[in-house]
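Subject: Structure handover and notes

Dear colleague,

I am passing on the structure we talked about, and my notes on it follow below. Please read them with the coordinates open beside you.

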Amino acid sequence: MAYKHGVYVREQATKLIAPVLGTAGLQVVVGTAPVNMLPDPAAACNTPLLVQSYAEAVGAVGYNSDFEAYTLCESISVNFQVVGTGPMVFINVLDPAKHSADIEETELEVVEGVAHLEATGAIPGTLKVLDGETELKKDEDYTTLFNEDGTLSIALIGSEAATLKVSGKRLDPSLVTPNDIIGGVDVNTGKETGLEVIRQIYPKLAMTPGILLAPRFSANPNVSAALQAKTKDINGVFKAVTVIDIDSTAEGATKYTDVKEQKEKQAVTDPNAYAVWGYGKLGDVVYSGSALAASLTAYTDAVNGDIPNVSPSNKTLSIGAICLADGTEIMLDQTQANTVNGFGVATFLNMNGFRLWGNNTACYPGNSDPKDRWFSVRRFFCWTGNTFILTYFQKVDDPANPRLIEAIVDSENVRGHSFVARDICARYEITFNEDENPTTDLLNGKITFHQYLTPYVPAEDIENILEFDPDALSKLFG
């Protein structure tokens, strides 16, 4: 042993384990994007892309204001221009190799060295540009620039051509089907597509999905069913919720009284699902209900310490009207909106400003268990479970001795006392019960804890009893 002379310090591992928090409202948006605007369109197909800002989002998937064609752009606009929240994970399923069409050879007039191609979605790498019979080379003889409307400008370099002949390929978002959103796994290559890519998020990004959505596409029964299925056992352990559009096209629910039947047609009944009927309109721009609700939910989490105990219902949104999918405006009063809520579906209500309206998950009214029925409670349970897994995974394979049990119990209960003190929940307590841990389980390396969670349910029904008091007059004049 070394000879010591002086003053020394030694650090000891902290007794309490610091929690590793899952991102409560991390939105995972599956849809379509104008990837033709990117230097390498194929690189942005069927892969999880994390974005923190508007600039990052546009750089990752491109941007076009045609939200019906490019649904990921809708979420970009909602989150970064309307609500103001992030981050998000995008999964683009629009693949130029599959979802493209030919641009027939077109003769373009050159004005001041620039020709304008009217076709939207042009893929620059596929273009054939001819000056007479001479084929021009990209970046040597010409450059390309996308305009705000998605069209393409071709700027000549050192050429005085009066006309150009252009052909090639363009994106065709209409070729994307619900099956592309649902996705699958290629049996030959193992490549995952669509919703199957969700599995890659935690291994690649070290983030747990919080809210799954596929704006507009989720109105399809097969997509809504797949989204509900994907909320469970992500990577075998994590849970999430999904926000789903109740179809408000001509084939769906165009009146509030039709919502129940349409919800049943889409089979949206899962406790992890939050169904929304109606779109929001801001000027002439129409946003899907799922994109608005998911963004507002993430924002509500962010302003409440990234803890999902507060319901997004009755929180205001910067929209100017409620409408159907085709933009037809609808007027809902509170009684009608409450009727929609009674079906287990949220909607929007104008009460001193437009706001999201509805606390029930899609399992209501068939299931009234508080942990399943209330959206904020359901999310708190999912988040708590994910956080427990992330925090104590480091303890797996440690000796199953009293010190390990004490460390987990003490750490969780210190955290729980903080939640109770801050009125986040009424009870947050974990115990280790002997009767739940038989010797046979302990010999097999299994330890069971029992956690009691009581997040506060939303104050959905507030009543004030008004009564006329005649005695006040008697006392005054008597």
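To begin with one side chain, in which helix is the place of Arg415? Arg415 belongs to helix 11, which covers residues 402–421. Please keep in mind throughout that this is a predicted model, and that what follows was computed from it.

Arg415 is buried, its relative accessible area being 11%, and its side chain makes a polar contact of 2.9 Å with the side chain of Tyr428. Arg415 also forms a salt bridge with Glu412, in which the closest N and O atoms are 3.7 Å apart. Both partners of this bridge, Glu412 and Arg415, lie in helix 11, three residues apart, which is about one turn of the helix. In general, an α-helix has 3.6 residues a turn, so residues three or four places apart point the same way. Glu412 is buried as well, with a relative accessible area of 2%.

The salt bridges come to 17 in total. One of them joins Asp180 to Lys98, with 3.0 Å between the closest N and O atoms. Because Asp180 lies in helix 3 (residues 178–182) and Lys98 in the loop between strand 3 and strand 4, the pair ties together parts that are 82 residues apart in sequence. The two partners differ in their exposure, since Asp180 is buried at a relative accessible area of 13%, whereas Lys98 is exposed at 51%. Another salt bridge is that of Lys371 with Asp372, where the closest N and O atoms are 3.0 Å apart; here Lys371 is partly exposed, with a relative accessible area of 33%, and Asp372 is buried, with 9%. Through salt bridges that share partners, Lys371, Asp372 and Arg378 are joined into one network.

Turning to helix 8, which residues of this helix are buried? Within helix 8 (residues 334–342), the buried residues are Ala337, Val340 and Asn341. Viewed down the axis of helix 8, they fall within an arc of 105 degrees, so they line one face of the helix. The cover over these buried residues includes helix 6 (259–265), strand 13 (273–277), strand 18 (345–350) and strand 19 (354–357). At the start of helix 8, a side-chain oxygen of Asp333 comes to within 3.2 Å of the backbone nitrogen of Thr335, and just after the helix Gly344 has a positive phi of about 80 degrees.

Some backbone geometry may deserve your attention if you set up calculations on this model. The peptide bond between Gly86 and Pro87 is cis, with omega at about 0 degrees, and Pro87 sits in the loop between helix 2 (71–83) and strand 3 (88–92). Pro87 counts as buried at 16% relative accessibility; apart from residues up to four places away in sequence, Pro87 touches Leu26, Gln27, Leu50, Val51, Gln52 and Met207. Of these contacts, Leu50 is 37 residues from Pro87 in sequence, and their C-alpha atoms are 7.1 Å apart in space. Gly84 lies in the loop between helix 2 and strand 3 and is partly exposed, with a relative accessible area of 44%. Setting aside its neighbours within four places in sequence, Gly84 is in contact with Val78, Asn79 and Tyr299. A cis peptide bond also leads from Tyr364 to Pro365, with omega near 5 degrees, and Pro365 is in the loop between strand 19 and helix 9 (370–373).

Positive phi values also occur in residues other than glycine. Glu112 has a phi near 55 degrees; this residue lies in the loop between strand 4 (100–111) and strand 5 (114–117) and counts as exposed at 80% relative accessibility. Asp306 has a phi near 60 degrees, lies in the loop between helix 7 (289–302) and strand 16 (321–323), and is partly exposed at a relative accessible area of 25%.

Finally, on the surface, Phe468, Leu473, Leu476 and Phe477 make a nonpolar patch of about 520 Å². Phe477 belongs to helix 13 (residues 471–477) and is exposed, with a relative accessible area of 67%.

With best regards

Notes:
Residues numbered from 1 in each chain as written. Predicted model: local features only at pLDDT ≥ 70, side-chain atom pairs only at ≥ 80, totals over all residues. Heavy atoms only, no water. Buried < 20%, exposed > 50% of the residue type's maximum accessible area, 1.4 Å probe, protein only. Helix = DSSP H or I, 4+ residues; strand = E, 2+ residues; numbered from the N terminus. Arc of directions from axis to C-beta. Contact = heavy atoms within 4.5 Å. Polar contact = N/O pair within 3.5 Å; in protein donor to acceptor, adjacent residues only side chain to side chain. Patch = residues over 30% accessible without salt bridge, like charges linked within 9 Å, V, L, I, M, F, W, Y side chains within 5 Å. Areas by Shrake-Rupley, 256 points an atom, 1.4 Å probe, with all protein chains shown as cover. Salt bridge = Lys/Arg side-chain N within 4 Å of Asp/Glu carboxyl O.
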